[in-house]
Amino acid sequence: MKNKLSRRKFGKVAGGITAAAAITSPMTLMKNAFAAENLSVVDWGPPWIDNTKELAAAWGKADITWTLHSGGAASILPKIKAAWPNPPYDVVDNWSPVFESMIKEGWAETVTLDDCPNMKYLPEGLIPKDSDGNWKAIPRGSSGVFFTYVPANCPIEIKHIDDLLSPKLKGQILWPNPTLNTNLQVVALAKARGGDEFNMQPGWDFLKELAASGNIGRISANTSDVITSLETGETSITFVDEGTLGGVKGAKLSHLTKTHESLKTFMFTSGWCVLSSSNNKKLAFDFANHTLTKESMESYYSATGEIPLSSQAEHSSNHLRFSSEESNKYAVVPDWDHLGAELDNWNKIFEKEIVTLL
Amino acid sequence: MTKNRSTWLLLTPGIILFLILLVAPITNILDESLRLFVPGRIGAAKDAPYTLFNYTELIDKAYFFYLYETFRFGITVSLISLVIGFPIAYSIARQKSTLFRKLAIGFLIGMMFLNTLVRVYAMQLTFGPTGYAKFISGIFDISPNGRGYTELIVMLGLLHYTIPISVLTLIGTIQNINPRLTEAAQILGSSRLKSHLNITVPLCVPGILSAFLICLTLCLSAFVVPMVLGKGKVLFISNLIYARFSEIANYPSGSAVAIIMLVVSLSVIFIISSFVSSRWSTK
């Protein structure tokens, strides 16, 4: 008989199937188990990552693989795009302008109150949405980007934006490059000279004067530059967000948020965006929800200085607490969509017209 | 036929690797550089139309400035590396003690195993505001936050890499030169300096050229050194490429800058190699 099934043949086939099952099944289980109990989170360096690790430890439902933002917050976007539709991240900590990009690309998963019940304590108007009104991110904090300085190291007292041009400030200014703060620093200069984010020429002219004056000691490219430069006394004046300043421990800062209306504060929100590609959405939303509890929000505020958006949490950041009158005078909510669209052009203007003057 | 077949069999894996890891990515970059970028998006869309805009916008004196700066640093640092590296390489190559030679070469190789970021940040600490910035800038009567000091530190950062490499490259060349030639010149009345300049150095030209080109290539592609030590004031072409890819997500513009840098670098290397080879070719 042809194709007679011998004991040897049966043994080989059965052994092969059993071996394959033995190898595959635990591996599949492990993979699924690993995927279910492991979350991949992208966050900023200190103080954010330190605080998030504390919150994650208290949450304790999964192991977390951490990735740090390198440089500006938008630097994660090319990495996500390169790996899409399987980027190795579940949750990304980011802020207002970058939320817009992620929503446009279709990378942000829709979130509802069922996913994150603690979102009921957040002001609905500050939750990033898509064009259909779906909630697309989970904001945690609100803060400002503003001018600040170290009085102990600064040769003069800063009372007006024009003080930046003082000849006594040679090398004292730490100026962010355009990719930091979505170039709000030049918008601030523009506003001081009668322009805004739609009319930036006054700001560029001001920055050219500043660059030519020799007062810019360093161009910062990331939060580490800011912390190191201010702490070591290399520079004493900068334009930066509250959260980054939380990492400056060795220098006493004076925040210029209510000093003069030429020194504007730009308000933003920051928080979590769960990627639509994530295989761990439920876990990711649960983690995000945990970070919105009263205790978590107050811990976040204590670490980063960002004002907790949750109505349950308290804060004492009076320099970012504006009355209606103060808000009109000192605070600005820029058009983030416009900023994101113009950043490429502004970066090129910076390269062509400003760096060559430094 | 058998020999040809064997040759092709041996070359094929390398060629495949070359095609996959070099030719394909460069082709992708070239394609991306010709695509239209819509600000606010991440890279060019898959069906983005072709355009030369990414190249034409680089025809600006500012970008010539960045090219000039990159090559200025590269050529200056490479030349300094040769001037410092050659005597070191000569003394190591001519050491009678084998142990000393091995230790010296091991030390130089060991230096290259140190983590790049650690080395660069160590330099920033040493020559920054918490280190000797004020002392060194005081010697030259310049501000520690000024451009002059920044350029000096960037050069030191690059030399930190290129000197060991130039020494290692030159050791082999010098070891291949018969020392008796120089001795013969000295016996015939030539001074030490003259004999080395007329005998040793010309015979080392191929090695000197290799060392120079290796150092130049390293400097042109340097990214971490200008980013950390340059304080945002000294920018190389690599930093412009990084900003476009990582911060702005303008892949087409970044690709265009990369292609231009590739073409210019290859052209410069070709010109230098041809000039030196034609002048100092051994017949």
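**Burial and contacts in chain A**

I began with burial in chain A: 49% of its 358 residues count as buried. I keep in mind that this is a predicted model. Next I looked up the secondary structure, and chain A has twelve helices and eleven strands. Then I checked sequence separation among the contacts in chain A: of those with a separation of 6 or more, 73% are between residues 24 or more positions apart.

**Val42(A)**

I picked one residue to follow up on that. Val42(A) belongs to strand S1 of chain A, residues 38–43. Is Val42(A) buried or exposed? I found 25 other C-beta atoms within 10 Å of Val42(A), and the cut-off for buried is 20 or more, so this residue is buried. I then asked which residues Val42(A) is in contact with, leaving aside neighbours within four places in sequence. My list reads Thr67(A), His69(A), Ile76(A), Tyr89(A), Val92(A) and Asp93(A). I also noted the distance to Leu68(A): 5.6 Å from C-alpha to C-alpha, with the two positions 26 residues apart in sequence numbering.

**Strand S7(A)**

My next stop was strand S7 of chain A, residues 237–241, where five of five residues are buried. Which way do its residues point? Ile237(A), Phe239(A) and Asp241(A) point one way, while Thr238(A) and Val240(A) point the other way. I was happy to see the textbook pattern here, as side chains in a regular strand alternate between the two faces of the sheet. Both sets in S7(A) are buried.

I looked up the strands that pair with S7(A) as well. Strand S4 of chain A (residues 138–149) runs antiparallel to S7(A), and five bridges join them. One pair I wrote down is Val145(A) with its bridge partner Asp241(A). Strand S5 of chain A (residues 173–176) pairs with S7(A) in the parallel sense, over two bridges. There, Ile173(A) stands opposite Ile237(A).

**Where chain B meets chain A**

How many residues does each chain give to the contact? I read 34 residues from chain A and 27 residues from chain B. On the chain B side, helix H3 (61–93) and helix H12 (237–247) are the elements that give two or more residues. H12(B) provides the largest share of that side, five residues. By class, the chain B side has twelve nonpolar, ten polar and five charged residues.

**Helix H4(B)**

Last, I tried a quick geometry check on helix H4 of chain B, residues 98–113. At 1.5 Å a residue, its 16 residues should span 22 Å, and the end C-alpha atoms are 23 Å apart, which agrees. Just one of the 16 residues is buried, so H4(B) lies largely in the open.

Key:
Residues are numbered from 1 along each chain as its sequence is written. Chains are lettered from A and ligands numbered from 1 in the order in which they are written. This is a predicted model: local features need pLDDT of at least 70, side-chain atom pairs count only at pLDDT 80 or more; totals for chains, interfaces and linings use all residues. Helices (H or I, at least four residues) and strands (E, at least two) are DSSP runs, numbered from the N terminus. A residue is buried if 20 or more other C-beta atoms lie within 10 Å of its own, exposed if 12 or fewer, and partly exposed in between; C-beta atoms are placed from the backbone. Two residues are in contact if their C-beta atoms, placed from the backbone, lie within 7 Å. The expected span of a helix is 1.5 Å times one less than its number of residues. Ala, Val, Leu, Ile, Met, Phe, Trp, Tyr, Cys and Pro count as nonpolar, Asp, Glu, Lys and Arg as charged, and the others, Gly among them, as polar. Two strands pair if DSSP finds at least two bridges between them.
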